[in-house]
Amino acid sequence: MGDVASPAAGGSGGPREWKTAAALVEAVFREERGRLLAALVRRFGDLDLAEEVTSEAVEAALARWPVDGVPARPGAWLLTTARRRAVGRLRRDQAYAARLAVLQVEAERALPAPPADADGDLPDERLALFFTCAHPALAAEDRVALTLRCLAGLTTPEVARAFLVPTATMAQRIVRAKKKISQARVPFRVPGSDELPERLPGVLQVLYSIFTEGYAASSGPHAQRLDLAEEAIRLARVLRRLMPAGREVAGLLALMLLTHARRAARVGPTGEPVPLDEQDRGRWDHEMIAEGRDLVVRALTGGPPGPYGVQAAIAALHDEAPDAASTDWPQIVALYDVLLALAPSPVVAMNRAVAVAMRDTPEAGLALLDAMADEPKLRAHRPYHAARGDLLRRAGRPAEAAAAYRVALGLAGTDPERASLRRRLDEVVLFGPEYDRDG
Amino acid sequence: MKYLLLINAGAVDENGAAEGCDVTEWMAYDKEVREAGILVSGESLADLVAATRVRVGRDGERIVTDGPFAETREVLGGFYVIDVPDLDVAIDWAARCPGARGGGSVVVRPVADFGA
C-alpha cells in the first residue's frame, strides 16, 4: 500500500531535472501534505502524532533525496517514512500507544472501511479531515487556521502572516484547537448523509472566509501576503473532487471563480478598489468566468438552490454583461429575492436595494435603503453608507451624498478604501450645487 | 470516553427552580439515556435556594454563606456523565436533552483521562 504511484500533483508535473531536490520536496510536500496527514490521522487516530511524523518524513526527504535521488513515487515514500516513524514512536511510548490503540478500536468500530485507492493514488481521506477541521465545536477562527494548516499545507508562520497576527499567537491558536480535538475527541469521519445538511455549510463557510479574507486584504499595503483567495480556490477544487455530487460545493467554487475572475480590474493603479460599474471588463479572466458559469449550471440543477449557488448566479450575470447598464438587473433582483428567502440577512437586503436602484430608479433603491437604516448590522457597515452616498449622488442630492460618504469615511476600512471614498466625496462637494459646508 | 453534561436552566423562579420544566419530557430522556447503556451517573439538583457556598480562608477559617443566588444568571440544574465514543455522539445526546431547549443550555465537558 505504501508503494502506490504518486498522484499527478497538479501543476508540479514538469521535468524533475530542472528543479533542485529541495524545491521538489517543498512542491511535493505542499501537494501531498493534506493527503499524508489525513491518511496518518485515519491510521493512528491522532492529529498531533500525524503532524509530527509528517514533518519528520519531510525532513528525512530533505536529507536523503539530494543524496539518493528523488524516489519514483515521492508521495508514497513520504507516507511510508511517516508511518514508520509513528510506529517507532508508539513502541517507545507505551502509554500513548495504549491510548491510541483504544482510539483505533473505536474508530474501526465506528467507521466503514476506507475507500479503495482510486487510480493508484494514495488513499484520500481528506474529506474527513475537512470535517474535523471545520467542526462546529471549534472556534470559527480556529477552523480557518486548522484548515489552512492541515489541508492547504501552510506552515504556522504562513498562516500567521496571512492573518496579520504574530506567529506566536497563531501557534497558540493551533495548539489550542488541536488540544480540543484530542481531549474532547472530535471525531475524524465524514458525517452521514442525514447529518450532511447540517455539517457541510460549516466546511463551506471556512473556505469562503479564507477567500473573502484574501479578497479584502489583497488591496491593502500587504502585497507580500500569501494569496488566500487562491488557496481557497485550490481547497474548493479539492473538496469538489471529493464531493462531486455536492451542488453547494459547486456553487461555492463557482462563486469564488466568478469573483476572482475580476481580480485584475478591481484594483486601480494606486491600490484603490474600483467599483464594478467602473471596471475595465476586458481585463476580466474570461476563461475563469467560463469555468464558473459551467459550475453555476451544476449548482442550480437537480434540486432546490442553495445560497452559494444563487450568489454564484448573481456573480455570473455581472460577469456576462458587457457593461453595468446592460446587466440583467431584473434577474439579479429576482435572485436576491431567492437568496433572501434562503438566508435572510441585512447585507443581502442592502445589495438587493442597490440592484433595485439599477433596475428602476435611484430613488426606489434609496427608499429601500432608508427603510433599513435602523438595522444594527448596517448602522456601522461602511458599504451601506457608501452605497447610500452613491444613490444620493445619482439622485441629484449631493449634500446628502456628501454626508453619507462622511459617515462611511468615519467607519473602519483599509487605506485604499478610504481613498476611493474621499474621491467620491470630493466629486459631490466640488460639483454639487447644494453643497452645505456643515453637511 | 466519558463526558459530563452540565445542564443549565436559562431562567429560574424565586426559589431557584428551573422554569417551564416538563417532567414527562425529562422522564423520557432519562429512560433513553439509561436504555442506551451509556449512563455513568446523573443527578438532578435541588433548587438553588437550598445551596450553600463554603470557602476556607488563608488562616483556615471557614466562610459559609447562603447562596450563590442573586449573582447567578444560568443555574446548574443537574448533570449526566455518559460514556460514548466521541464528541459528536456526546453533542447528539446533549441536543436531545430537554434542558438544552427553552433558553437553557447543556455544556459538554470531556472527563480528563490520566491514562488510567
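Trainee: Helices here are DSSP runs of H or I with at least four residues, and strands are DSSP runs of E with at least two, both numbered from the N terminus, so how many helices and strands are there in chain B?

Mentor: Chain B has 2 helices and 6 strands, and please keep in mind throughout that this is a predicted model. Read from the N terminus, the elements of chain B follow the order β-α-β-β-β-β-α-β.

Trainee: Which way do strand 1 and strand 5 of chain B run when they pair?

Mentor: Strand 1 (residues 2–9) and strand 5 (residues 75–83) of chain B are antiparallel and are joined by 8 bridges, and within that pairing I7(B) has G78(B) in strand 5 as its bridge partner. Strand 1 of chain B also pairs with strand 6 (residues 105–110) of chain B, again in the antiparallel sense, over 6 bridges, with Y3(B) matched to P110(B) in strand 6.

Trainee: And what do strands 3 and 4 of chain B form?

Mentor: They form a hairpin with 5 residues between the two strands, and in the turn G60(B) has a positive phi of about 90°. Strand 3 (residues 52–56) and strand 4 of chain B run antiparallel and are joined by 5 bridges, with V56(B) standing opposite R62(B) of strand 4.

Trainee: How many residues of strand 4 of chain B are buried?

Mentor: The count is 0 among the 5 residues of strand 4 (residues 62–66) of chain B, which is hardly covered. For chain B as a whole, buried residues make up 22% of its 116 residues. If you consider contacts in chain B with a separation of 6 or more, 75% of them are between residues 24 or more positions apart.

Trainee: Switching to chain A, what is its mean pLDDT?

Mentor: The mean pLDDT of chain A is 84, with 83% of its residues reaching 70 or more. Residues 1–18 of chain A, however, have pLDDT below 50, although the model gives this stretch 28 contacts beyond near neighbours in sequence. Residues 111–121 of chain A also stay under 50, with 11 contacts in the model beyond four places in sequence. Where pLDDT is low, the predicted coordinates should not be read in detail.

Trainee: Which annotation covers residues 133–181 of chain A?

Mentor: An unreviewed UniProt entry annotates that range of chain A as "domain: RNA polymerase sigma factor 70 region 4 type". In the model, residues 133–181 of chain A are 69% helix and 0% strand, and the C-alpha atoms at the two ends of the span lie 9 Å apart.

Trainee: Which residues are buried in helix 12 of chain A?

Mentor: I289(A), G292(A), L295(A), V296(A), A299(A) and L300(A) are buried in helix 12 of chain A. Seen down the axis of helix 12 of chain A, these buried residues fall within an arc of 125°, so they line one face of the helix. Helix 12 (residues 286–300) of chain A has 15 residues and reaches 21 Å from its first C-alpha to its last, close to the 21 Å expected at 1.5 Å a residue. Just after helix 12 of chain A, G302(A) takes a positive phi of about 90°.

Trainee: What covers the buried residues of helix 12 of chain A?

Mentor: The cover includes helix 11 (247–260) and helix 13 (307–320) of chain A. In helix 11 of chain A, 14 of the 14 residues are buried, so that helix is largely enclosed by the rest of the structure. Helix 11 of chain A reaches 20 Å from its first C-alpha to its last, close to the 20 Å expected at 1.5 Å a residue.

Trainee: Then there's L421(A), in helix 20 of chain A; what is it in contact with, leaving aside neighbours within four places in sequence?

Mentor: L421(A) is in contact with A386(A), Y405(A), A408(A) and L409(A). L421(A) and A386(A) are 35 residues apart in sequence, yet 7.4 Å apart from C-alpha to C-alpha. L421(A) is buried, having 23 other C-beta atoms within 10 Å, where the cut-off is 20 or more.

Trainee: Last one: is G389(A), in helix 18 of chain A, buried or exposed?

Mentor: G389(A) counts as buried, with 26 C-beta neighbours inside 10 Å. Beyond residues up to four places away in sequence, G389(A) touches A401(A), A404(A), Y405(A), A408(A) and R424(A). The C-alpha atoms of G389(A) and R424(A) are separated by 8.7 Å, with the two residues 35 apart along the chain.

Note on methods
Residues are numbered from 1 along each chain as its sequence is written. Chains are lettered from A and ligands numbered from 1 in the order in which they are written. This is a predicted model: local features need pLDDT of at least 70, side-chain atom pairs count only at pLDDT 80 or more; totals for chains, interfaces and linings use all residues. UniProt positions are given in the numbering used here, feature names are shortened, and annotations may be inferred rather than shown by experiment. A residue is buried if 20 or more other C-beta atoms lie within 10 Å of its own, exposed if 12 or fewer, and partly exposed in between; C-beta atoms are placed from the backbone. Two strands pair if DSSP finds at least two bridges between them. The expected span of a helix is 1.5 Å times one less than its number of residues. The arc is that of the directions from the helix axis to the C-beta atoms. Two residues are in contact if their C-beta atoms, placed from the backbone, lie within 7 Å. pLDDT is the predictor's confidence in each residue, from 0 to 100.
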